[in-house]
Amino acid sequence: MNVLIVEDEKSLALEISEFLKKHNILCDLAYNGIDASEKIAVNLYDFVLLDLGLPDYNGLDLIKEARKNNNEASFIIITARGAVEDKVRGLDLGADDYLAKPFALTELLSRINAVARRKFKVSTSDIVLGDFIVNIQSRKLLCSGTEVDLTKKEFDLLQYLLLNRNKVLTRHQLYEHIWGNILDDQYDSNFIDVHIKNLRKKLNLHAPAPWLETVRGVGYRISIEEKE
Amino acid sequence: MKLKLKLALFNLLSKLAFAGLFLLLMPYIVERINLRHIDNELILKREQVISLISEIGIEPFITSDSADAFGSFNILKEEFVSLEKTSLTEDVNQIEVASRLIDDEEIDYRVLNYSFMVDGQTFLLEVGKSLSSILFAEQNIRHIVLLFLIFIVTITFFVDVLYNNLLLRPLHSIIKKLKKIPDPALFDKTPVRTSTSDFRRLDSALTELMENINSLFRKEKEITVNISHELLTPVSVLRSKLENLLLREDMDEEIQNKIEESLKTLHRLQTLVNSLLMIARIESHQYLREDTFSIKEVLQDIIMEIKPIAEDSGITLRKEITDELQYSKANRSLIFSMFYNVLNNSVKNTPSLGEILVKCNRLHGNFNVEISDNGIGMTEMQKSRLFSRFKMKDKSSSDGTGIGLAIAKTIADFHKIEVSVTSEPSKGTKFSFIFPGNS
């Protein structure tokens, strides 16, 4: 996948690209609207991460231009403005998703993956986790043939950890992913602990799950050996 | 006391005072007028008698052989004239009130005494007029005047009240305009219709004042929104940098923990800024209110969210949802957030083995949601600043900014939902949400 990051805050653009490159996503950078407009016209991107607050350009116009030229790129809007009208207008113009600053990089990855799944209709293969098998498409967790009954939140947690496997996710990152920004002010690290505890309990009823690790002081991680 | 009532009372009292004074003075004045009138009449009579005597002499009245006195009165004893010889040396010419015995009847008369000399003999002339008819007339007049005054006072009082009402109507509409507004932005700017310049000035001054306040509020909100935006970008940069650092595999545990600590602090900043932004946005009506949804479902969703947390802390979460409301012209995610914040607050303030009850019913036509717990409760002081921003009840809890209830209150105000809290230390707290009647 290749992505154009349109962001006037250089250091943020660089951090995003550093993170995405680690996940094998090719990144191109544009620090202003004119630059971005040119690059979108010339190159074929799968994704455009678009900051609406550009100094020289109304970010929404970039989407309009791209649509006029039958550009197939998916737009994910990033903005600190976060005003509701912007969000609605952006989505109306055909943006695929919307992220308010500041966001977790892992959340960005999860959104890109979700849009990619919809867009390319890729069927992700089943993921093997010790004695468990996770099927992302059907949102099912199986253990030697029997389904482990998980709540929506528990599966979301598992999926998010899995997407960022072998990386530590902080409780706040997990919380944000599951509860979104609207309940941000009620963030309570206990919430995630309780759900992880419940998830572990359910897993342990079927088989031990040593791959779900607690990283002391930081958060949680799923560790699996990647077979390449 | 209302201005209208005060004016009416003053009106009534002043009228009664004037009427009373008039009633008090009237007999005296009327008497004086009557007496003067009678006196003039008596003097006229005297002149007539004197001129008659000078014409025909004294003899027809008093002969030397007959009695020394002459008297004449009409049948009704209204008037009399008497003439008698007297031995008085000094001149007499006076008018007085005196009673006279006529035919065994004592009658009050206004009597004129006049002495004159004829042929070296002094005579005393008395002309009298009865006062009884006058007294009678005076009484009648007094009754009539009293009735008239009562009539006038009553009529003018009611007319005054009506006119005052008419006159003060613009003032009432101004007061009504002021009463209706929880927010200066909602002040009705249409001028009150009146020909009274004072009210016009009051109305325009108020409108101007409201506009000023409103523009100040708007500026304050704009500043909040702008500052928040400006803060969010650097927070975003810092956050991405720290998160990227955390992904490095060559880090020892200590550095990892330090980064996580920094991230936590950053999250607190982010949460704070976002909360302020959210409140400012709600208050400046940036959220749309066009969802229609079931309150029951929202509550059930929230209970499902919170249940694992509550159960983990050993708290029983019960629901008694007897009535349902299809809430329209509202913002679902805001309403969700409102109830969620309050319920979450209850969970945080209820110790293990406590109980939280979510109740939902219709009272007096109003839809009503209650969230009550038997947790630690609050003192009056804590309660009074419950909804104010950044005043956490318990500083020991590291999570959250204590702004959740302030947000809940802002959301409730935005939807015109009435929130009330009853609480007692160590007994528990109850939040009631009364939805507007027409919803």
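What follows is a conversation between a student and a tutor about a predicted model of two chains, A and B.

Student: Let's start with Asp51(A). Why is Asp51(A) called buried?

Tutor: Asp51(A) has 25 other C-beta atoms within 10 Å. The cut-off for buried is 20 or more, so Asp51(A) counts as buried.

Student: And where does Asp51(A) sit?

Tutor: In strand S3 of chain A, residues 47-51. Setting aside neighbours within four places in sequence, Asp51(A) is in contact with Val6(A), Glu7(A), Asp8(A), Gly59(A), Ile78(A) and Thr79(A). Glu9(A) is 42 residues away from Asp51(A) in sequence, yet the C-alpha to C-alpha distance is 9.3 Å.

Student: What does Leu50(A) touch?

Tutor: With neighbours within four places in sequence left out, Leu50(A) has contacts to Val6(A), Gly59(A), Leu62(A), Phe75(A), Ile76(A), Ile77(A) and Ile78(A). Leu50(A) also ranks with Val48(A), Leu49(A) and Phe339(B) as having the most contacts inside the largest nonpolar core, a set of 113 residues. A second core is separate and has 9 residues, including Leu83(B), Tyr114(B), Leu125(B) and Val127(B).

Student: On to Ser144(A). What makes Ser144(A) exposed?

Tutor: Ser144(A) has 9 other C-beta atoms within 10 Å. Exposed means 12 or fewer, so Ser144(A) qualifies. Ser144(A) is in the loop between strand S8 (140-143) and strand S9 (146-147) of chain A, and has a positive phi of about 40 degrees despite not being a glycine.

Student: Is His364(B) buried or exposed?

Tutor: Exposed: His364(B) has 7 other C-beta atoms within 10 Å, and the limit is 12 or fewer. His364(B) is in the loop between S9 and S10 of chain B, with phi near 50 degrees, a positive value in a residue other than glycine.

Student: What do S9(B) and S10(B) form around that turn?

Tutor: A hairpin, with 2 residues between the strands.

Student: How do you know that S9(B) and S10(B) pair?

Tutor: Pairing needs at least two bridges, and S9(B) has 8 with S10(B), residues 366-373, in the antiparallel sense. One of the bridge partners in S10(B) is Asp373(B), matched with Ile356(B).

Student: What about S9(B) and S7(B), parallel or antiparallel?

Tutor: Parallel. Strand S7 (residues 316-321) and strand S9 (residues 355-363) of chain B are joined by 6 bridges, and Glu320(B) has Lys359(B) as its bridge partner in S9(B).

Student: In chain A, what makes S10(A) and S11(A) edge strands?

Tutor: Each pairs on one side only: that goes for S10 (169-170) and S11 (212-215) of chain A. The open sheet has 3 strands in the order S10-S12-S11, with antiparallel pairing. Between S11(A) and strand S12 (residues 219-222) there are 4 bridges, and Val215(A) has Gly219(A) as its partner in S12(A).

Student: How do you know that helix H4(B) is close to its expected span?

Tutor: The helix covers residues 253-283, which is 31 residues, and reaches 44 Å from first C-alpha to last. The expected figure at 1.5 Å a residue is 45 Å, so 44 Å is close. Just after H4(B), His285(B) takes a positive phi of about 55 degrees.

Student: How do helices H5(B) and H6(B) cross?

Tutor: The axes of H5 (residues 295-312) and H6 (residues 332-348) of chain B come within 10 Å and cross at roughly 35 degrees. The crossing is right-handed. Residues making the contact include Ile302(B), Ile306(B) and Ile309(B) of H5(B), and Phe336(B), Phe339(B) and Leu343(B) of H6(B).

Student: What makes the bond before Pro102(A) worth a look?

Tutor: The peptide bond from Lys101(A) to Pro102(A) is cis, with omega near -10 degrees. Pro102(A) is in the loop between strand S5 (97-100) and helix H5 (105-120) of chain A.

Student: Last one: how many residues does each chain bring to the contact between A and B?

Tutor: Chain A brings 37 residues and chain B brings 40 residues. On the chain A side, H1 (10-22) and H8 (189-206) each supply at least two residues, and H1(A) gives the largest share, 7 residues.

Methods. Residues are numbered from 1 along each chain as its sequence is written. Chains are lettered from A and ligands numbered from 1 in the order in which they are written. This is a predicted model: local features need pLDDT of at least 70, side-chain atom pairs count only at pLDDT 80 or more; totals for chains, interfaces and linings use all residues. A nonpolar core is a set of buried Ala, Val, Leu, Ile, Met, Phe, Trp, Tyr and Cys residues joined through C-beta atoms within 7 Å. Two residues are in contact if their C-beta atoms, placed from the backbone, lie within 7 Å. Axes are lines fitted to C-alpha atoms, for helices over the stretch in contact, and angles run from 0 to 180 degrees between N-to-C directions. A crossing is left-handed if the near helix is turned anticlockwise from the far one by less than a right angle, and right-handed if clockwise.
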